[in-house]
Amino acid sequence: MTETPEGRSEATRETAQPGVPMGAWLAELDDERLIRLLELRPDLTQPPPGTIAALAARAQARQSVKAATDELDFLRLAVLDALLVLQADTGAVSLTKLMALIADRAGEDTVTAAVEDLRGRALVWGDATVRVVAEAAAGLPWYPGQATIENTEQTDIAARLQALDAAQLELLQKLLEGSPMGRTRDAAPGTPPDRPVQRLLAAGLLRQVDAETVILPRLVGQVMRGELPGPAQLSQPDPTVSTTTVADVDAVAAGAVIDLQREVELVLETLSATPVPELRSGGLGVRDVKRLTKLTGIDEARLGLILEVSAAAGLIAAGLPEPDQHDGTGPYWAPTVAADRFIESSAAFKWHLLATTWLDLSGRPSLIGSRGPDGKPYAALSDSLFSTAAPLDRRLLLDILAHLPAGSGVDATSASHAMIWRRPRWAARLQPDPIGDLLTEAHALGVVGRGALASPARKMLAGEQADAVVVAMDKVLPEPIDHFLLQADLTVIVPGPLQRDLAEQLGAVANVESAGAAMVYRISEASIRRALDTGRTASELHALFSRHSKTPVPQGLTYLIDDVARRHGQLRVGMAQSFVRCEDPALLAQAVVSPAVEQLEIRLLAPTVAVSQAPISEVLGALRDAGFAPAAEDSAGTIVDIRARGARVPAPPRRRAYRPTPTPTSQTLGAIVAVLRKVAATPSSSMRLDPTVAISQLQEAAHLQSSVVIGYVDPAGVATQRVVAPINVRGGQLTAYDPASGRVREFAIHRVTSVVSADAG
């Protein structure tokens, strides 16, 4: 298109008609459409408008218009853009002109449907001819005309930018950092073509508005900011980059769920054994996170996600652990009492809790470790990660996936394109990098598999009952198995999720060597001794392996269990403060004189009995460090497990979570509309001018540069009628030219009692 918006504007001004005011148009709508308007724009109900005129004024206010346009896709914003180019904010424009301007980029039915949607939101009003709210430009994330009349076919912008010299780049950078609109004499016809402005115009990196004005094209600005250029097409892009079966997606998601739950339980176990102190500023220190990474074997980015979701789900919290294992100088991060219920729950229930918590998580775990604008790193579990937009972005991503055919997968770039088209005003935070982080999180949570939405997550997003969603995930997860495969090298291969009691038994006698869908455990002398310390016997361990191994039990494992069991428990430690007894006097004497236990001050009472003032746990630890294999016993001589049960903190109130703004019920909206109808039937003489109506009328007069007659009560209480030419309305004050005094004056809006066009009558 070669016609400039200015030429189009002049042609429009010659024939434009004011059209029907919005208030009169709203008054003609039926109750159903008014209720629908209030549903789409709930901010109009807070507080309930007193009159139709007040509703119209509020619907045209800048903040309300920006809130309404926040949820519009590129097509609808482009229609608003086109109407502004046609000057529909100052006069009624026929739909024929709108179609002529953009119908070559979208079908007539598509544009008509978009206009109808905008009517439903009261951003556009009228029938054959339409008006657009004066503040519509404030709702666009670009200058009017940049989505409608600019060239959207440019694909080599980056290459052309690289070919520019310093003077050209400096000029573009100034427009990028400030207003994209600039005035310069070098834009005038006849300017030498070697001037930077003329060269940029020729390269398509600037657009001429008039003889002295240029503007930085929208796509050029986006490329310079390092953003994806666009949207450009009025049709919604298809983000699908791969397709697979639903079964494949669900299987991948189920594997992710198994890994996630194992890691969450590992983090809970680690924090239970060694709670982590909270920073004074909140959250965890960088060193503590690195230590947790080393202890758990979970990489830092994934650990950050697990910590944030666990805290939001109430599984961990900062407090004073019980039993008190610390000096009490400050709060520590440790599992809450809710963690015990979580561990005992079914795998599907755990997934539902973690997935719904992540969906509403008011934070961005992907920022952990990176540096903010102040140069400081974002700390895990700190308020610096808080973001009210994060849940909106997650829901938008999953909503796009939910509208694709089952099994259709996306990647970060294609999802970013689709999300920006759906919400152009959010474009800055919907770039491929942050969307890639969201996809990584969704895969880790088992919400997405191979870039496609998993079946249980689809049910969750559809709003089905929690029980139904849990059942859906239960069907996807593999059935727990009751067997494993023993290898000659004393490794145990587990080809799937074990039954919980069997997993606990195997975990007591073997260490995890490799995690995943098929886990690998390793049995060692130390792990067998650990199992014997808990009171298990050699015969019980033999029975465990022979009963559940699908492969023959290696002879080496049988010998190892018998050998460790023969040496285990020869030294018995009990409570005196502590006592040590042994049937072998020589062995006891050797233990007592060992340098490793010297600080315990163990002394012999008899050849087979010694006592110490140290606690039993310290005596056990020192003897084990010295190379012995002691066992704890109770008063009856039975071996007992005295391992610490882990720290717990009280469950605090849930952390800040996303809560969507409640939408008034249909009954409430019906009552509001009924009041509006009743007030409309009241004689106008008994009604006081609503300040929002006055502001709207005065803003429109300022926009049209027309004079009005205002009723005004001065501070002395004297009522007068004044003819003024409004200039602007800001901060509760009207700035207007007063012909009577020949100067510009200010009037307090709350003292304005009436506003009537000076041309009326």
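This report describes the domains, cores, sheets and helices of one predicted protein model.

## Domains

The chain of this predicted model is divided into six parts, which follow one another along the sequence as domain 1 (22-139), domain 2 (157-235), domain 3 (241-476), domain 4 (485-567), domain 5 (577-651) and domain 6 (687-757). To give a sense of the spacing between two of these parts, the C-alpha centres of domain 2 and domain 6 lie 41 Å apart.

## Nonpolar cores

In soluble globular proteins, nonpolar side chains tend to be buried together. In this model the largest nonpolar core holds 67 residues, and the members that touch the most other members are Leu307, Trp358 and Val447. If we set aside residues up to four places away in sequence, Trp358 touches Leu305, Val309, Arg394, Leu398, Leu438, Glu441, Ala442, Leu445 and Val447. Apart from this core there is a second, separate one of 55 residues, and its members include Leu29, Met99, Val133 and Leu234.

## Two open sheets of three strands

One open sheet has three strands in the order β1-β3-β2, and their pairing is antiparallel. Its edges are formed by β1 (93-94) and β2 (124-126), each of which pairs on one side only. Strand β2 is joined by three bridges to β3 (residues 129-132), and these two strands run antiparallel; within this pair, Gly126 stands opposite Val130 of β3.

Another open sheet of three strands has the order β8-β10-β9, again with antiparallel pairing. Here the edge strands are β8 (276-277) and β9 (316-319), and each pairs on one side only. Two bridges connect β8 with the antiparallel strand β10 (residues 332-335), where Tyr332 is the bridge partner of Pro277. Helix α13 (residues 246-273) packs on this sheet and touches β8, β9 and β10, while its direction makes about 125° with that of β10.

## Hairpins and a further strand pair

Strand β20 (residues 603-606) and strand β21 (residues 609-612) run antiparallel and are joined by three bridges. They form a hairpin with two residues between them, and in β21 the bridge partner of Ala606 is Val609.

A second hairpin is made by β23 and β24, with five residues between the strands, and Gly717 in its turn has a positive phi of about 90°. Six bridges join β23 (residues 708-713) to β24 (residues 719-730), which run antiparallel, and Tyr712 stands opposite Thr720 in β24. Strand β23 is also joined by five bridges to β27 (residues 752-757), again in an antiparallel arrangement, with Val708 opposite Ser757 of β27.

## Helices with buried residues

Which residues of helix α7 (residues 95-102) are buried? They are Leu98, Met99, Leu101 and Ile102, and because they cover an arc of only 160° around the axis, they are on the same side of α7. The face turned away from this buried side carries the exposed residues Thr96 and Ala100.

In helix α24 (residues 525-533), the buried residues are Ser527, Ile528, Arg529, Ala531, Leu532 and Asp533. Several elements help to cover these buried residues, among them α23 (500-509), β16 (511-514), β17 (519-522), α25 (538-548), α26 (555-567) and α28 (616-625). Just after α24, Gly535 takes a positive phi of about 100°.

## Two residues in contrasting settings

Is Ser416 buried or exposed? This residue, which lies in helix α19 (residues 412-422), has a relative accessible area of 0% and therefore counts as buried, since buried means under 20%. When its neighbours within four places in sequence are left aside, Ser416 is in contact with Leu228, Leu430, Gln431, Pro432 and Ile435.

Ala301, which is found in helix α15 (residues 300-312), has a relative accessible area of 61% and so counts as exposed, the cut-off for exposed being over 50%. The C-alpha atoms of Ala301 and Leu175 are separated by 37 Å, and these two residues are 126 residues apart along the chain.

Methods. Residues numbered from 1 in each chain as written. Predicted model: local features only at pLDDT ≥ 70, side-chain atom pairs only at ≥ 80, totals over all residues. Heavy atoms only, no water. Domains from an automatic or database assignment. Core = buried A, V, L, I, M, F, W, Y, C linked by side-chain atoms within 4.5 Å. Buried < 20%, exposed > 50% of the residue type's maximum accessible area, 1.4 Å probe, protein only. Contact = heavy atoms within 4.5 Å. Pairing = 2+ DSSP bridges. Helix = DSSP H or I, 4+ residues; strand = E, 2+ residues; numbered from the N terminus. Axes fitted to C-alpha atoms, helices over the stretch in contact; angles between N-to-C directions. Arc of directions from axis to C-beta.
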